[in-house]
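Me: I'm new to this one and would like a close look at a single part: how two of the helices pack against each other. Once that's clear, please walk me outward to whatever else is worth seeing.

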Amino acid sequence: MLMLTAWWNGIVSALRAPLMAMAIYVMLIVIAVPIGALVHEQLPVVEARLAPAVETPTPPDADWLEEVASGAGLFSATLTPAIFGVAAPITNIGAVIDARGWPLPVIIAAVAYALCWAWLWGGVIFRLRGRHNSGLTAFVGEATRHMPRMIVVSLIGLAAYAGMFLALHPLLFGPVFRSLASGGLERTAFFWRLSLAAIFGVALVLVAQVLDFARVSIVFGRPGLIGAMGRGLRFVRRHALIVLALALINGLLFAALVAAYGATEFVPGGSVPRLWKVILIGQAYLVARIVLRLAGIGAQVSVWERAETLARHSLGEGGSADQPASETGDR
Amino acid sequence: MRRAALVFALLALASMGGRAQSSLQAEGPFEERRETLHLDSGATLTLRLLLQPDHVGHADRIIDAARESLNQYGAWFSPYPHSLLTIVDRRWQSTNEDPVEAGAVPIRAHWLQPERSLTLEADVARGIARQWWGGIVQVEDRFLADGLAEYAQSRVLERLFDRRHQRVNYSLAEVRVFGDLVPWAIRALRLDRQTQGIGRIAYRNDPAVDLRDKRRLPRAAQAAKTAAALVTLERYLGWPALQRGLAASAREFAGKPMTAKAFAATMSNATDRDLSWFFDQVFSSRAVFDYSVDGLTSLRDGNTCGAASCYRSTVIVGRKGAATFTGTATPPVGEFESGRALAIEVTFADGQKVLDYWDGRAPSKSLEYQSASPVVSARIDPSRTLLLDLNVLNNVLTTPPASRRATLPWAVRWTTWLQDAMQTAAFFF
């Protein structure tokens, strides 16, 4: 029940903060568009008649993409069919699961976006906590105040993820997968890989949740960094089922969003949407993805608040959200 | 005498088939299915499928691709000589080379195989093509057998895609993730048989590939270069002439070894043209084909052309690679060119078009025009006959110069992809 309430609260609080979602989206644009312009600049100048896809509803020409990509210098390796519509999220998530390295442009953009998020975290949690518009000044103030600690939390997370991708991933998908799948059918191998991915995914989600709840703890007035990490860890340990269930719901919603995005990339009858529609649909998908993330954070905030309230009721004012479930009455 | 030799060779191949299948049996256990195919030629053939247990669901697709391949190759090359064909679905992750064996076609299917991405069918068509090129005809040069099979399967796939989806394409683009176990067919990105269908990108990435290199690594580029050469001939000579040459090769070398040189000679005889100018460069040299339009100017010259003033326009075309696409082996005499394989299309502002020809031998050639309208564009090889041309983006020049508008859709899609990658990365911070 607590989980469903938290999930619903997350959705509501995210939808009540459209300006915040738009601000994050603007940051995404501000970082990505200059790099996109650089790519455009790098692409060879070609006569339009060589490019059959230009502003016509005919499907793009893959051969032409190959020709253009080969002249795109630094970006040529990234100009692949994977940039098309729903293939983008599928291959990007695939890159994470398969631990394929990201190309340099993505790393640069991701670092810039990570810095933006380090600033945003404080304001976002503050805004979602209040579930009402507390004003731009308060948002900026909270975001700026917590930024240094958020950067450190992200760096700790980075180290944890690096350890997982450098040690756990090669172990699971190397010798373990090989010993399980060798000599068997491809279908069997798929299910083994899926099982291993689930193990790795749960581990990733748990680390992410610990970091997120540490951030929540920081904004909820317990600013000590080491203490916040400890509280995040204890909270996830004590509410593991709820935390994982929330992540699962968010994952399912994301899968539904990707499916909806995929349904729009092709017009029955053999054509593709015009360029302006491609842009509009792609950007709408990205905005929805941001809202989904905010809903996830909103749900985390709600769970934390609920646990904290229960703890206060059980233990008086000194109670905290990361108190043992037996003490807060929450199971 | 000739017929007796042919019968003997076919009997020998058939007995080899038994051994071949036994070598592939180790890839089992299989689920077996048999289908009697009534081919267009009137012949009946038993198709035996040995499928991995998790690939049984693909049986109908495999049978359809096999039927189409046998019908087409039978019509294009020569009738299939055996009454039994076994398709062996190799074990997942089998790293052994595919043996070329009479009566046995190894394929590599995936458990998850999108219907619109015809990679499975391509594998079947490629394997069956090897029954002719490597089986019936013992092709001594690996690159030639691979290239012929690659070219042949691309034609079959185009027919299959057309029949299934009412479009002339090769397949949909496919990306694979999750350790290559999960495919995604991109519905918005259809592939063309004459480029992606023969894996031209492999040739583009290694245009100077040594066709005699026996290692495994350059095999894809070797096959792509040979297949691109065949598509070039198809466009230059026309399919009927090329098909005549292929049929002659299949007939003449049935049960006999065929070298690349012998294939080139047979093609020349069958098409009634000396094609040594082409095959010598493709098969025996690492020279690269690359033609371009290097200059385009159009200026008033002070004269009058009717009521309007005249323009003097100059178009400069160039040869950037060492290989030449001449159209003839006859050497030029003095200043006169020999051959007219390369077309140059010049378009004027009033819409008129002029088609000139070049033998492509000199490092560059200048064409001059006097006209009432200025030239607005010049394009070499406008119908893209020379598929071996390395860079097609330099094949055209326009006035005013082309803008970056043409590449904008790609940059937009790339940017959206980047935004999504950033959002995915945001999970970690």
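Reply: Start with helix α7 (residues 186–219) of chain A, which packs against helix α9 (residues 240–263) of chain A at an angle of about 105 degrees, their axes 10 Å apart. This is a predicted model, by the way, so keep that in mind throughout. With angles of 65 to 115 degrees counting as roughly perpendicular, α7(A) is roughly perpendicular to α9(A). Which residues make the contact? From α7(A) come Val202(A), Val205(A), Leu206(A), Gln209(A) and Phe213(A), and from α9(A) come Val243(A), Leu244(A) and Ala247(A). Sort the residues of this contact by type and you get seven nonpolar, one polar and no charged.

Now look at the loop between α9 and α10 (275–315) of chain A, where you'll find Thr264(A). Thr264(A) counts as partly exposed because its relative accessibility is 31%. Setting aside neighbours within four places in sequence, Thr264(A) is in contact with Pro273(A) and Ile281(A). For a sense of scale, take Arg100(A): it sits 164 residues from Thr264(A) in sequence and 28 Å from it in space, C-alpha to C-alpha.

Another spot in chain A is Ala99(A), in the loop between α4 (87–97) and α5. The backbone does something to notice here: phi of Ala99(A) is near 55 degrees, a positive value in a residue other than glycine. With 34% relative accessibility, Ala99(A) counts as partly exposed. Chain B has a residue to set beside it, Arg384(B), whose phi is also near 55 degrees, again positive and again not in a glycine. Arg384(B) belongs to the loop between β14 (375–380) and β15 (396–398) of chain B. At 18% relative accessibility, though, Arg384(B) counts as buried, since the cut-off for buried is under 20%.

Next, the rings. Searching the whole structure turns up 43 aromatic pairs over all chains. Take Tyr113(A) and Phe429(B), an edge-to-face pair with 6.0 Å from centre to centre and 85 degrees between the planes. Tyr113(A) is in helix α5 (residues 104–130) of chain A, while Phe429(B) is in the segment after α10 (408–425) of chain B, so this pair joins two chains. Both Tyr113(A) and Phe429(B) are buried.

A second edge-to-face pair is Tyr236(B) with Phe325(B), at 5.5 Å centre to centre and 70 degrees between the planes. Here Tyr236(B) lies in helix α6 (residues 219–237) of chain B and Phe325(B) in the loop between β10 (308–319) and β11 (342–348) of chain B, so the pair ties together parts 89 residues apart in sequence. Is each partner buried or partly exposed? Tyr236(B) counts as partly exposed at 23% relative accessibility, whereas Phe325(B), at 1%, counts as buried. Both of them also belong to a cluster linked by ring pairs, together with Phe143(B), Phe263(B), Trp277(B), Phe278(B), Phe279(B), Phe283(B) and Phe289(B).

Finally, some rings have a charge for company. The charged end of Arg193(A) sits over the ring of Phe178(B), 5.6 Å from the ring's centre. Within chain B, Arg155(B) lies over the face of Trp76(B), 5.3 Å from the ring centre.

Key. Residues are numbered from 1 along each chain as its sequence is written. Chains are lettered from A and ligands numbered from 1 in the order in which they are written. This is a predicted model: local features need pLDDT of at least 70, side-chain atom pairs count only at pLDDT 80 or more; totals for chains, interfaces and linings use all residues. Side-chain values use heavy atoms; hydrogens and water are left out. Rings of Phe, Tyr and Trp (its six-membered ring) pair if their centres lie within 6.5 Å; planes under 30 degrees apart count as stacked, over 60 as edge-to-face and the rest as tilted. Helices (H or I, at least four residues) and strands (E, at least two) are DSSP runs, numbered from the N terminus. Buried means under 20% relative accessible area, exposed over 50%, partly exposed in between (1.4 Å probe, protein chains only). A charge sits over a ring if NZ of Lys or CZ of Arg is within 6 Å of the ring centre and within 35 degrees of the ring normal. Axes are lines fitted to C-alpha atoms, for helices over the stretch in contact, and angles run from 0 to 180 degrees between N-to-C directions. Angles under 35 degrees count as roughly parallel, over 145 as roughly antiparallel, 65 to 115 as roughly perpendicular and the rest as oblique. Contact means heavy atoms within 4.5 Å. Ala, Val, Leu, Ile, Met, Phe, Trp, Tyr, Cys and Pro count as nonpolar, Asp, Glu, Lys and Arg as charged, and the others, Gly among them, as polar.
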